[in-house]
Amino acid sequence: INLRRLLAYSAVAHSGYALLGIASPSTLGPASVSFYMMTYGISIVGMFGLLQILEQNGHASDFKSLESLRFRSGWMTACLTILILSMAGIPPMVGFLAKFNLFIAALKGSSQPLGLILLVVLALGASAVSLYYYLKILKAAFCKGDCDQPASMTINAYQFTLVSLTVAGVLLLGLFPEPILSRLTNAFGI
């Protein structure tokens, strides 16, 4: 399975989650959509940075290229894990908080239409399905392959900085979201 194609399918699903906030009758909708798209953007830039490193080292962008990654680059494996867990919406990564805010914004309101509640339930189900595919990526990196693969990967300073900053952003926004969330909320006049 091509990882770029999987990330493209993931982008479609994440756009659907964002539509929940747009459809929300709550005033929290616009701020939650903005926060969600910002955090998703950070994660996806990091993921494509990791794919570029793999391709630059002579690997295809598929699951097979991730096999034995833990032996070739511990840094890349750690970054991949953090970014994937954020995209899957696992706490304490920022992806969890962003999805949670979207779901709360969609469910908030005094006269909630049943259709929106059903959409949130459907989105929760889609999150569970996407978790399966995200965990397949981590399974390939951690559980497959052997230590006989090439020992290291070449990573230039630009790539290292870019991916490290995205991972730091995912972790910091997950642990300290309030400064950004409060500014977004104020910006939308809520």
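Where does Pro92 lie? In this predicted model, Pro92 lies in the loop between H5 and H6. That stretch has something worth a look: Pro91 and Pro92 are joined by a cis peptide bond, with omega at about 5°. Most peptide bonds are trans, and most residues other than glycine have a negative phi. The second half of that rule has its own exception here, and that one comes up further down.

First, the overall picture. The protein is built from 9 helices and 0 strands, so there is no sheet to look for, going by the count of 0 strands. Read from the N terminus, the order is simply α-α-α-α-α-α-α-α-α. The radius of gyration is 18 Å, close to the 16 Å that the globule rule gives for 190 residues, so the protein is as compact as a globular protein of that length. The C-alpha trace spans about 60 × 30 × 20 Å along its principal axes.

How much of the chain is tucked away? Of the 190 residues, 43% count as buried. The exposed surface comes to about 9,400 Å², and 70% of it is supplied by carbon and sulfur atoms. As for charge, there are 11 positive and 6 negative side chains, and the centres of these two sets sit 9 Å apart. Contacts reach well along the sequence: of those with a separation of 6 or more, 81% are between residues 24 or more positions apart.

Now for the inside. In soluble globular proteins, nonpolar side chains tend to be buried together. Here the largest nonpolar core has 50 residues, and the members that touch the most others are Leu66, Leu69, Leu80 and Ile137. Helices H1 (3-23), H2 (29-56), H3 (63-66), H5 (74-88), H6 (94-107), H7 (114-143), H8 (157-175) and H9 (178-187) each give two or more residues to this core. H2 supplies the largest share, with 11 residues.

Leu69 shows how such a core member is surrounded. Setting aside neighbours within four places in sequence, Leu69 is in contact with Leu54, Met76, Thr77, Leu80, Ala141 and Met153. Met153 in turn belongs to the loop between H7 and H8. Despite that loop position, Met153 is buried, with a relative accessible area of 11%, under the 20% cut-off. Beyond four places in sequence, the contacts of Met153 are Ile53, Leu54, Asn57, His59, Leu69, Arg72, Ser73 and Met76. Leu54 and Met76 thus turn up in the contact lists of both Leu69 and Met153. Ile84 is another matter: its C-alpha atom is 20 Å from that of Met153, with the two positions 69 residues apart along the chain.

Just before Leu69 comes the phi exception. Ser68 has a positive phi of about 60° although it is not a glycine. Ser68 lies in the loop between H3 and helix H4 (69-72), and its relative accessible area of 0% makes it buried. One of the residues that touch Ser68 from farther along the chain is Ala140, whose contacts beyond four places in sequence are Phe63, Leu66, Glu67 and Ser68. Ala140 has its place in helix H7 and is itself buried, at a relative accessible area of 4%. Ala140 and Phe63 are 77 residues apart along the chain, yet their C-alpha atoms are separated by 6.2 Å.

Back on the far side of the cis bond, Val94 lies in helix H6. Is Val94 buried or exposed? Val94 counts as buried, because its relative accessibility is 1% and the cut-off is 20%. Residues up to four places away aside, Val94 touches Phe35, Thr39, Ser86, Val170, Leu173 and Gly174. Thr185 does not appear among those contacts: Val94 and Thr185 are 91 residues apart in sequence and 17 Å apart in space, C-alpha to C-alpha.

Leu165, found in helix H8, makes a contrast with these buried positions. At 58% relative accessibility, over the 50% cut-off, Leu165 counts as exposed. The C-alpha atoms of Leu165 and Ile42 are 9.0 Å apart, although the two residues are 123 places apart in sequence.

Note on methods
Residues numbered from 1 in each chain as written. Predicted model: local features only at pLDDT ≥ 70, side-chain atom pairs only at ≥ 80, totals over all residues. Heavy atoms only, no water. Core = buried A, V, L, I, M, F, W, Y, C linked by side-chain atoms within 4.5 Å. Buried < 20%, exposed > 50% of the residue type's maximum accessible area, 1.4 Å probe, protein only. Helix = DSSP H or I, 4+ residues; strand = E, 2+ residues; numbered from the N terminus. Contact = heavy atoms within 4.5 Å. Rg over C-alpha atoms; globule rule 2.2 N^0.38 Å. Areas by Shrake-Rupley, 256 points an atom, 1.4 Å probe, with all protein chains shown as cover. Lys, Arg positive; Asp, Glu negative; His and termini not counted. Charge placed at Lys NZ, Arg CZ, Asp CG, Glu CD.
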